[in-house]
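Grab a pencil and work through these short exercises on helix packing and aromatic pairs. Each one comes with a worked solution.

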Amino acid sequence: LGLGRPAWILEAYALQNVVCWLLLAWLLLRWIPPLTPHGLALWTACVLSHGVLWSVRFALLDLPSLVLIVCAVRAVEAGRPLLSAAIVGIAGLGRETNLLAGAAQPFPRDRHGWLRLGAAILMMAIPLLLWEDYLRSIYRSTIFAGTDTLSTPGTALGSRWMQALTGLRAAGFVSAAWLPFALLSSLVVQAVYVLARWEYKSPWWRVAVVYVALMLVLDRVLADPHTGAITRVLLPLTVGFNVLLAAESRPVRFWSWFTAGNLHLLSAYGVM
């Protein structure tokens, strides 16, 4: 996009998040059109989420990754699982955890389905394997240095949540200490709702549930709400939660889950 010119390359890299934000806003119309108060609230909670705005502000790869994941889910729903696999393979070049979006692949029902799933797995994995092999040829033994970003399930998240709660008690509820607590709590609520729904036939549910598992094993650095990493890494969970919540017809139940699951919007205000 920068046509080999350093100044243009920098501009293109920074502006790709702006373009991806517009694409995300358009792609989400398929599942949550903002034509009703419910739809507008859910759509806004996705496009103005803490992780999305953090990615736009600091020109990171999280929002472009999310756009590719959304496209992959859309391809599965359109009956094109191999196209979805190709998109996930491309997304994996930006971040390894993007391969988790491969959970959107339909569950095979026959021999042909299993062969197609095997081909999809290869299409998702090969681009990243080739890239890692290229990096290994350059950096040799240092390629996997500093990759200990996983921990015992629940320990890092629980520790950071307790730290946020302790800070909130010390500073008082009418303070900025409320924001880290609200951010982590909203992600926990999203995880609880996704697990409670158990809609395994939905591609969005399958994607969201694997990101729930990822949330439980993130290390202390990524789970720290002050770095913005946890909301960026778990953007597919946030979008999946809001897409699934769109099917909730009871107003009281809808607004209760929506409010508790989107408290991250309070922290997003500080990113802008």
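**Exercise 1.** Find how many aromatic pairs the structure holds, then classify the pair of Trp 54 and Phe 58.

*Solution.* This is a predicted model, and it holds 10 aromatic pairs. For Trp 54 and Phe 58, start with the spacing: the ring centres sit 5.2 Å apart, and pairing needs centres within 6.5 Å. Next, the planes are 40 degrees apart, so the pair is tilted. Along the chain, the two are about one helical turn apart, because they lie four residues apart in helix α3 (residues 50–58). Finally, check the surroundings: Trp 54 is buried at 18% relative accessible area, while Phe 58 is partly exposed at 41%.

**Exercise 2.** Do the same for Trp 255 and Phe 258.

*Solution.* Centre to centre you get 5.6 Å, with 85 degrees between the planes. Angles over 60 count as edge-to-face, and that is the label for Trp 255 and Phe 258. These residues are three apart in helix α12 (residues 251–261), so about one helical turn separates them. Here Trp 255 is partly exposed (34%) and Phe 258 is buried (11%).

**Exercise 3.** Describe how α9 and α11 pack.

*Solution.* Helix α9 (residues 203–217) meets helix α11 (residues 235–245) at about 140 degrees, with axes 8 Å apart. The two helices are therefore oblique to each other. The crossing of α9 past α11 is left-handed. Among the contact residues are Trp 204 and Tyr 211 of α9 and Leu 237 and Gly 240 of α11. By type, the contact has 12 nonpolar residues, one polar and no charged.

Terms used. Residues are numbered from 1 along each chain as its sequence is written. This is a predicted model: local features need pLDDT of at least 70, side-chain atom pairs count only at pLDDT 80 or more; totals for chains, interfaces and linings use all residues. Side-chain values use heavy atoms; hydrogens and water are left out. Axes are lines fitted to C-alpha atoms, for helices over the stretch in contact, and angles run from 0 to 180 degrees between N-to-C directions. Angles under 35 degrees count as roughly parallel, over 145 as roughly antiparallel, 65 to 115 as roughly perpendicular and the rest as oblique. A crossing is left-handed if the near helix is turned anticlockwise from the far one by less than a right angle, and right-handed if clockwise. Contact means heavy atoms within 4.5 Å. Ala, Val, Leu, Ile, Met, Phe, Trp, Tyr, Cys and Pro count as nonpolar, Asp, Glu, Lys and Arg as charged, and the others, Gly among them, as polar. Rings of Phe, Tyr and Trp (its six-membered ring) pair if their centres lie within 6.5 Å; planes under 30 degrees apart count as stacked, over 60 as edge-to-face and the rest as tilted. Buried means under 20% relative accessible area, exposed over 50%, partly exposed in between (1.4 Å probe, protein chains only).
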